[in-house]
Structure formats: C-alpha cells, structure tokens
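Here's a quick tour of the hollow spots in a protein model, with a stop at one helix pair and one serine along the way. Take a look at the structure, then read on.

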Amino acid sequence: MRTGEFKRRARAALKGKYFIAVGVYALVMIIEGLFTRLSNTFVTLYTSTYNPTYLLWAAIVFIGSILFVSVPMSVSITRYFIVDAEGKAKISELLYPYKTNLGNIILTMIVKELLIFLWSLLLIIPGIIKTYSYFLVDFIIAENPDISRKRAFEISKNAMDGHKMKAFLLSLSFIGYIFLSLFTAGIGMFFLYPYMQAAYTQFYFEMKELAFEKGYIEYGELKRTDFEREG
C-alpha cells in the first residue's frame, strides 16, 4: 500500500471523530504538562531556598511522571487510535494500561527506547534502522499488554523486514505539516497528531495482516483486523 492510501484511510477513520481525537490528545498533553509543571515548581523552590529536599522531590516527580504517566499514556493514545479505527473508542481507553499489565508495558517501552538510544550512539543510520525495526512494538503492546517483550520485538522486527522504508516514507510525508506547525508555537501539532497517529495505525493494520499471512504471529497473540489491502 502506498503512503497516500494510508493517509486516505486515516482520514476516513477520523471522519466525524476528528475533533474528539484532537481533544483526547490535548487531554494527554495537559496531564503530562501538569506533572512537568510540578517538577519545575520543585526546581524553582530549590533554586530559591537551596533546600535539597525540593531537588529530591523534583527528581521523584520527574522520573515518576516518565515511568507512570508519559510511558503508559503513549501506549494509551496508541490503543485509543487502534480501537477508534475499528469503531468508536471511549476516553476510558486512556486508562487501559493501568487496568492491565502496567509493569510489562513500562518495561517493554523503556527497553525499546534504550535499544534505539544505544544503536544511535554508534551512528545516526543504525539508530534510524532500529527505530523502524521496532516501529510496531507500541501497537503490539497496546493491543496485547500481556505479550512478552521478546515476542513484541520479534513480531515487530519480522513484520517490518522489507517495510522499514515504507514506514520511513510515511513519516517523511508529514514533515511539511510538522514544519508548518512550528509557526503556530506547536499548537498545530494538536491538530496534526491525530492524523499522523491514525495513518500509523493503518500502517500497523497492514503490517499485522502481512505478519498473520507469513505466520509471524501465533494464535491468540493479537487480534486479526478486518483490513482490506490493495491488490
């Protein structure tokens, strides 16, 4: 499937629900922003009083917000778009990681980011390659939070074999929109992100279907999506 078809399907999936998706994304950003603001408040208190307790609390809030807010919420928003593409998602999907295997979700996502970071230390290109090798991990763990980390990475790497350039071109197709959003002080991203995530979700559906056809996914690991591919 070409990049344009993923984006066309994304627009179709968002039809009548676009501004709801914008609101959901805005809500996630507000929640994360509150914790960032709280951490910054403790830093400010430390700089004015030099009380090390404030610095400790700043570190606790910062690390805690990454582990228990930002990481789970990134999976939450991914799941929201998966469910929404198949019907109509509820805002309660944002709480899904906290009601399932939160520890596995957090650890899988941290391992993913750590591996990409380590590969990026070698050179930029290996980092980019690994970014797209693990491109589907977020979606896999969002759909099945009980799947093992090994299997999540294995499925993603197998499914993305020969398709990393397709994912890269899909990401690249949004560069112009991202650049334009800079002129809106980032506000434009609130409206662009749902479109991007919906397109990535359609890409995931196609990669997952191909993975099923090639036997990369075992019975019960993921749900087969009613997805019609071109050709």
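**Pockets, cavities and a bit of packing**

Let's start with the largest pocket, which holds about 530 Å³ of space. Keep in mind that this is a predicted model. Of the 21 residues lining that pocket, Phe 135, Tyr 193, Met 196, Gln 197 and Tyr 200 are the closest to its centre.

**The largest pocket**

- Quite a few helices chip in here: those giving two or more residues to the lining are helix H3 (52-85), helix H5 (102-122), H6, helix H7 (137-143), H9, helix H10 (175-181) and helix H11 (188-213).
- Which helix gives the largest share of the lining? That's H11, with five residues.
- Sorted by class, the lining has 13 nonpolar, five polar and three charged residues.

**The second largest pocket**

- The second largest pocket has about 180 Å³ of space.
- Its lining is made up of Tyr 25, Val 28, Met 29, Glu 32, Ser 70, Val 71, Met 73, Ser 74, Ile 77, Met 109, Glu 113 and Tyr 193.
- Helix H2 (18-49), H3 and H5 are the elements that give two or more residues to this lining.
- H3 gives the most, with five residues.
- By class, you'll find eight nonpolar, two polar and two charged residues around this pocket.
- Spot the shared name: Tyr 193 lines the second largest pocket, and Tyr 193 is also one of the residues closest to the centre of the largest pocket.

**The cavities**

- How many cavities of 30 Å³ or more turn up in a search of the whole structure? The search finds two.
- The largest cavity has about 50 Å³ of space, and Ala 13, Leu 14, Phe 81, Asp 84, Ala 85, Ala 198, Thr 201 and Gln 202 line it.
- Two or more residues of that lining come from each of helix H1 (3-14), H3 and H11.
- Five nonpolar, two polar and one charged residues make up the lining of the largest cavity.
- The second largest cavity has about 30 Å³ of space, with a lining of Asn 158, Ala 159, Asp 161, His 163, Met 207, Leu 210, Ala 211, Lys 214 and Tyr 216.
- H8 and H11 are the elements that give two or more residues to the lining of the second largest cavity, and H11 gives the most, with three.
- In class terms, the second largest cavity is lined by five nonpolar, two polar and two charged residues.

**How H6 meets H9**

- Helix H6 (residues 124-133) packs against helix H9 (residues 164-172) at an angle of about 95°, and their axes are 9 Å apart.
- Angles from 65 to 115 degrees count as roughly perpendicular, so H6 is roughly perpendicular to H9.
- On the H6 side you have Ile 129, Tyr 132 and Ser 133, and they meet Lys 164, Ala 167, Phe 168 and Ser 171 in H9.
- This contact has four nonpolar, two polar and one charged residues.

**A closer look at Ser 156**

- Find Ser 156 in helix H8 (residues 149-160).
- Is Ser 156 buried or exposed? Its relative accessible area is 0%, and under 20% counts as buried, so Ser 156 is buried.
- Leaving aside residues up to four places away in sequence, Ser 156 touches Ser 133, Tyr 134, Phe 135, Leu 136, Val 137 and Ile 140.
- Two of those names have come up before: Ser 133 is part of the H6 contact with H9, and Phe 135 is among the residues closest to the centre of the largest pocket.

Notes: Residues are numbered from 1 along each chain as its sequence is written. This is a predicted model: local features need pLDDT of at least 70, side-chain atom pairs count only at pLDDT 80 or more; totals for chains, interfaces and linings use all residues. Side-chain values use heavy atoms; hydrogens and water are left out. Helices (H or I, at least four residues) and strands (E, at least two) are DSSP runs, numbered from the N terminus. Buried means under 20% relative accessible area, exposed over 50%, partly exposed in between (1.4 Å probe, protein chains only). Contact means heavy atoms within 4.5 Å. Axes are lines fitted to C-alpha atoms, for helices over the stretch in contact, and angles run from 0 to 180 degrees between N-to-C directions. Angles under 35 degrees count as roughly parallel, over 145 as roughly antiparallel, 65 to 115 as roughly perpendicular and the rest as oblique. Ala, Val, Leu, Ile, Met, Phe, Trp, Tyr, Cys and Pro count as nonpolar, Asp, Glu, Lys and Arg as charged, and the others, Gly among them, as polar. On a 1 Å grid over the protein atoms alone, a cavity is a set of points where a 1.4 Å probe fits but cannot get out, and a pocket is an open set with protein on both sides within 12 Å along at least five of seven lines; lining residues have an atom within 4 Å of a point. Grid points are joined across faces, edges and corners, and a volume is the space filled by probe spheres set on the points.
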